[in-house]
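I sat down with this model today to look up a few contacts and surface features. My notes follow in the order I took them.

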Amino acid sequence: MTFSIKLQINEHKNGTLERKREFELEFAHTLISTRNQMDIPPSDDPKTPLLPLDDPNQRSRIKFPSSLKSILTSNNFNILLGPLLSTIICLHVNLDGSLTTSRNMLAVLAWIFAWWLTEAVPMPITSMSPLFLFPLFGIASADDVAHSYMNDVIALVLGSFILALAVEHYNIHKRLALNITLVFCGDPLNPPLLLLGICGTAAFVSMWMHNVATAVMMMPVATGILRRFPTGPNQSVVVGKFCRAVVLGVLYSITIGGMSTLTGTGVNLILVGMWQSYFPEAAPVTFSTWFLFAFPSALLMFLALWALLCCLYCSRSSGQALSVYFDKAHLKEELEMLGPMAYAEKMVLALFSMLIVLWMTRSITEDIPGWGVLFKGLAGDGTVSVMIATLLFIVPSKKQKGEKLMDWDKCKKLPWNIILLLGAGLAIADGVRSSGLADILSESLDFLEAVPYLAMTPAVCLISSTITELITSNNATATLIVPLLIQIAKTMHVHPLLLMIPGGIGAQFAFLLPTATPSNTVGFATGHIEIQDMIKIGLPLKIAGIAVLSLLMPTLGVYVFRTGEQVQ
């Protein structure tokens, strides 16, 4: 017993000594590392201390410059810019004795748009800032602001995004693109007809899915078709032009197709959401109403795009040179690799078709009210969108036992940044109206009363498209410019939609620069096009788009949106 106790004591002492040695080695290593970080040369003198003597001048010389550089950065300045502008407005701006809420709303706008334009804070986080800025500045309660982030418009977006993820997961977009390209290929090869099929497919897909998602999915399909052609010095002029035509065509067709429907792009949803927010008693802009005006506009622009591409890059005579590398056999091989349509793909396609039919028939005409009348107008486009999305989580996929068409793991790619941006836009619209800032803006724009409407439409399109090209995203542009256009319309005594729609759609005419929209960046990244190619096609296309809107808005738009009726 005594021997075992002594043994344990010795073991304890040995363990303590070992830990002491480890600590001494670790401490010495730390000292050497510290000297190295301070760029202190080693010394052979045994009297030289391991650490330098405390020199205040040297300490400040070492620490302060690096600390100062880490603080005085452009990003930190941009972060402070928002609160700084807001403070200046609150202290020094007087809106002719108006309520303080109007001034506070202007201060909040300066804060939010400063962060949006500089991207000092990630855009989704900036989009959530109304949730705390509005209550703190006394503009609206927390509950009222939160309602803007979940209404029928947001529900419409959520449901359509989930359905788009299902389409992407089951490769339905790729199967559709290959089938349509096979139909339009021609025998012998007809390059303009093939280009029409490829661009038409991209435009059709973007009508029902967000532009960025469509670009990410369709651009690999387009470049996959182009892989059959030689690259580098061996590429002929004819082949190079056709490659540029395909990439430019897909790129711009996605933007044009997105204009056609409410779910195609966030700008359309922002515009419609602001219309409902500003004029809750007016007739809503439904999915079918928007489609009746926007689809003919998009169709004219699409034909203009196709004509431009055929004239500049893809003539009919190029068929013989391209047919050496391209035939229907390759497309059939790719389709065979996908295999026959499985049950899950058919069900997703059926639900997708059902949603389109429900969107189009909820409200048709005054004589044919649509299925919405069965629910006394309580159901909206977002209602059926979420309902169909819910069915994706109920209908079995028949791949594995108990597996459904969709599960929540597949929904992790939901673009919450776009959803939050839409919510911010709707919250800002409510704040501008409820704070009284809208009335002040309207009074300050009295000088526009004498300007003819026909001159305003092209000017609004040009201004909004330029802002998107050079300053910020099309969603942020719409959020900024649409409330201003509402006040201008009131000043000019015209229906607000006559300016809101050209301004909103015009914000999507960002055709000149690769950085203007994410879709442009995706197309430019393929390496098949250069900036001069985008300008060569984009500038005439922008002019054509402005001309189409200037022509159709005072004619077809007046009929579809009933702009002859007064709104309050």
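**Entry 1: helix packing**

I began with helix 8 and helix 18, and their crossing is left-handed. I remind myself that this is a predicted model. The two helices, 8 and 18, pack with their axes 7 Å apart, at an angle of about 30 degrees. Helix 8 is therefore roughly parallel to helix 18, since angles under 35 degrees count that way.

Next I turned to helix 17, residues 343-361, and helix 18, residues 381-391. At what angle do helix 17 and helix 18 pack? I found about 170 degrees, with the axes 10 Å apart. That makes helix 17 roughly antiparallel to helix 18, because the cut-off for that term is over 145 degrees. Helix 17 passes helix 18 in a right-handed crossing.

**Entry 2: salt bridges**

I then looked for charged pairs. Side chains of opposite charge can pair when their charged atoms come close. How many salt bridges does the count come to? I get 7, and I followed up some of them.

I started with Glu168 and Lys413, whose side chains meet in a salt bridge at 3.1 Å, N to O. Glu168 sits in helix 8 (residues 152-169), while Lys413 is in the loop between helix 18 and helix 19 (416-434), so this pair ties together parts that are 245 residues apart in sequence. Is Lys413 buried or exposed? Lys413 counts as exposed, because its relative accessibility is 57% and the cut-off is over 50%. Glu168 is partly exposed, with a relative accessible area of 22%.

I went on to Arg175 and Glu345, which meet in a salt bridge through their side chains at 3.2 Å, N to O. Arg175 belongs to helix 9 (residues 172-184) and Glu345 to helix 17, so parts 170 residues apart in sequence are tied together by this pair. I noted that both Arg175 and Glu345 are buried.

My next pair was Lys542 and Glu469, a salt bridge with its closest N and O atoms 3.4 Å apart. This pair links distant parts of the chain, with Lys542 in helix 25 and Glu469 in helix 21 (residues 453-470), 73 residues apart. Both Lys542 and Glu469 are buried.

**Entry 3: a second look at Lys542**

I stayed with Lys542 to see why it counts as buried. Its relative accessibility is 6%, and buried means under 20%. Which spacing does Lys542 have to Phe509 in space, C-alpha to C-alpha? I read 5.9 Å for that pair, although Lys542 and Phe509 are 33 residues apart in sequence.

**Entry 4: the nonpolar patch**

Helix 25 came up again when I checked the surface. A nonpolar surface patch of about 410 Å² is made by Phe524, Ile531, Ile535, Leu539 and Ile543. Which helix gives the largest share of the nonpolar patch? I found that helix 25 (residues 531-560) does, with 4 residues.

I checked Ile531 on its own, and its place is in helix 25. With a relative accessible area of 35%, Ile531 is partly exposed. That value passes the patch cut-off of over 30%. So helix 25 carries patch residues such as Ile531 as well as the buried Lys542.

**Entry 5: positive phi values**

I also looked up backbone angles. Lys398 has a phi near 60 degrees, a positive value in a residue other than glycine. Lys398 has its place in the loop between helix 18 and helix 19, and with a relative accessible area of 61% it is exposed.

For His493, phi is likewise near 60 degrees, again positive in a residue other than glycine. Where is His493 placed? I located His493 in the loop between helix 22 (474-492) and helix 23 (497-506). His493 is exposed too, at a relative accessible area of 62%.

**Entry 6: Tyr453**

My last stop was Tyr453, found in helix 21. Tyr453 is buried, with a relative accessible area of 15%. I noted Ala489 as a partner in space: the C-alpha atoms of Tyr453 and Ala489 are 9.3 Å apart, with their positions 36 residues apart in sequence counted as separation.

Definitions and conventions:
Residues numbered from 1 in each chain as written. Predicted model: local features only at pLDDT ≥ 70, side-chain atom pairs only at ≥ 80, totals over all residues. Heavy atoms only, no water. Patch = residues over 30% accessible without salt bridge, like charges linked within 9 Å, V, L, I, M, F, W, Y side chains within 5 Å. Areas by Shrake-Rupley, 256 points an atom, 1.4 Å probe, with all protein chains shown as cover. Salt bridge = Lys/Arg side-chain N within 4 Å of Asp/Glu carboxyl O. Buried < 20%, exposed > 50% of the residue type's maximum accessible area, 1.4 Å probe, protein only. Axes fitted to C-alpha atoms, helices over the stretch in contact; angles between N-to-C directions. Parallel < 35°, antiparallel > 145°, perpendicular 65-115°, else oblique. Left-handed = near helix turned anticlockwise from the far one by under 90°.
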